[in-house]
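Let's take a friendly walk through this structure together. Have your viewer ready, and follow along as each part comes up.

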Amino acid sequence: MLYVDRPAWPWRGRLWSHLISDVSPAELHVFAEALGVPRRGFDRDHYDIPADRFAVAVWLGARVVPSRELVRLLQQAGLRRPKHLTRPPRPAAPPTHPALPAHPAPDLRPPRVDHAVVVPTEAAERRFSPTTTP
């Protein structure tokens with residue numbers, strides 16, 4: 001079954017609804033395609049649909065329910081995907097070859113200089129000495 005809440009969510013100067021399925025993401029994607037909603041409107045476990053598509057969604061068979069009911073239905077079906085559980089996966093560690101050593105490659109960059117040492121020359125000492133005259 002497909003469910004939609006009333007358009008009440010403002011974003012980019014429009015009101016939006018949420019469209020869910022309590023059966024499968026595949027059912028949701030097929031319905032959204034029939035509704036004319038692009039795939040980029042999918043957000044983890046629901047589609048964001050603009051207010052002007054709301055009536056068409058209901059006409060195609062989506063049942064209107066309150067927003068809290070959408071969350072309950074998704075949880076009950078085991079299809080809820082909250083943000084904190086859908087972080088992008090960490091990049092995999094680079095593969096290692098058994099014949100290669102396990103330690104990292106040496107750093108071949110030139111050493112960083114944190115300070116400079118100034119050694120005065122005789123000419124500089126004479127030029128800036130208070131006892132000499134030009």
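A good place to begin is Trp16, which is buried, because its relative accessible area of 14% falls under the 20% cut-off for that class. Keep in mind as you look around that the model is predicted. Trp16 has an aromatic partner, and the pair it forms is one of two aromatic pairs in the model. That partner is Trp11: the two ring centres are 5.9 Å apart and the planes stand at 65 degrees, so this pair is edge-to-face, the angle being over the 60 degrees that the class asks for. The other pair joins Phe42 and Tyr47, and it is tilted, with 5.3 Å from centre to centre and 55 degrees between the planes. What burial class does each of these two rings' residues fall into? Phe42 is partly exposed, as its relative accessible area is 26%, whereas Tyr47 is buried at 2% relative accessibility.

Both tryptophans turn up again at the largest pocket, which has a volume of about 280 Å³. Its lining is made of 15 residues, and Trp11, Trp16, Gly41, Asp48 and Pro50 are the closest to its centre. Three strands, β2 (9-11), β3 (14-21) and β5, each supply at least two residues of that lining. Which of the strands gives the most? The answer is β3, with four residues.

Strand β5 also holds His46, a residue worth a closer look. Its relative accessible area is 10%, so His46 counts as buried. On the polar side, the His46 side chain has a contact of 2.9 Å with the side chain of Asp45 and another of 3.1 Å with the side chain of Asp48. Asp48 is, as you may recall, among the residues closest to the centre of the largest pocket. Leaving aside residues up to four places away in sequence, His46 touches His18, Leu19, Ile20, Leu28 and Gly41.

Leu19 leads us on to the nonpolar interior. In soluble globular proteins, nonpolar side chains tend to be buried together. Here the largest nonpolar core has 13 residues, and Leu19, Phe31, Leu35, Tyr47, Ile49 and Ala62 are those with the most contacts inside it. Two or more residues of this core come from each of β1 (2-4), α1 (25-35), β5 (46-50) and α2 (54-59). The largest share is that of α1, which gives four residues. Leu35 shows how the parts come together: again not counting residues up to four places away in sequence, it touches Leu19, Ile49, Arg53, Val56, Ala57 and Leu60. There is also a second, separate core of seven residues, including Tyr3, Ile20, Leu70 and Leu79. Ile20 has already appeared as one of the residues touched by His46.

Now step back to the whole chain. The secondary structure consists of four helices and six strands, and along the sequence they follow the pattern β-β-β-α-β-β-α-β-α-α. How many residues does the protein have, and what share of them is buried? There are 134 residues, of which 23% are buried. Finally, of the contacts with a separation of 6 or more, 58% are between residues 24 or more positions apart. The contact between Leu19 and His46 is a handy example to look at in your viewer.

Methods. Residues are numbered from 1 along each chain as its sequence is written. This is a predicted model: local features need pLDDT of at least 70, side-chain atom pairs count only at pLDDT 80 or more; totals for chains, interfaces and linings use all residues. Side-chain values use heavy atoms; hydrogens and water are left out. A nonpolar core is a set of buried Ala, Val, Leu, Ile, Met, Phe, Trp, Tyr and Cys residues joined through side-chain atoms within 4.5 Å. Buried means under 20% relative accessible area, exposed over 50%, partly exposed in between (1.4 Å probe, protein chains only). Contact means heavy atoms within 4.5 Å. A polar contact is a pair of N or O atoms within 3.5 Å; within protein, one must be able to donate a hydrogen and the other to accept it, and residues adjacent in sequence count only if both atoms are side-chain atoms. Rings of Phe, Tyr and Trp (its six-membered ring) pair if their centres lie within 6.5 Å; planes under 30 degrees apart count as stacked, over 60 as edge-to-face and the rest as tilted. On a 1 Å grid over the protein atoms alone, a cavity is a set of points where a 1.4 Å probe fits but cannot get out, and a pocket is an open set with protein on both sides within 12 Å along at least five of seven lines; lining residues have an atom within 4 Å of a point. Grid points are joined across faces, edges and corners, and a volume is the space filled by probe spheres set on the points.
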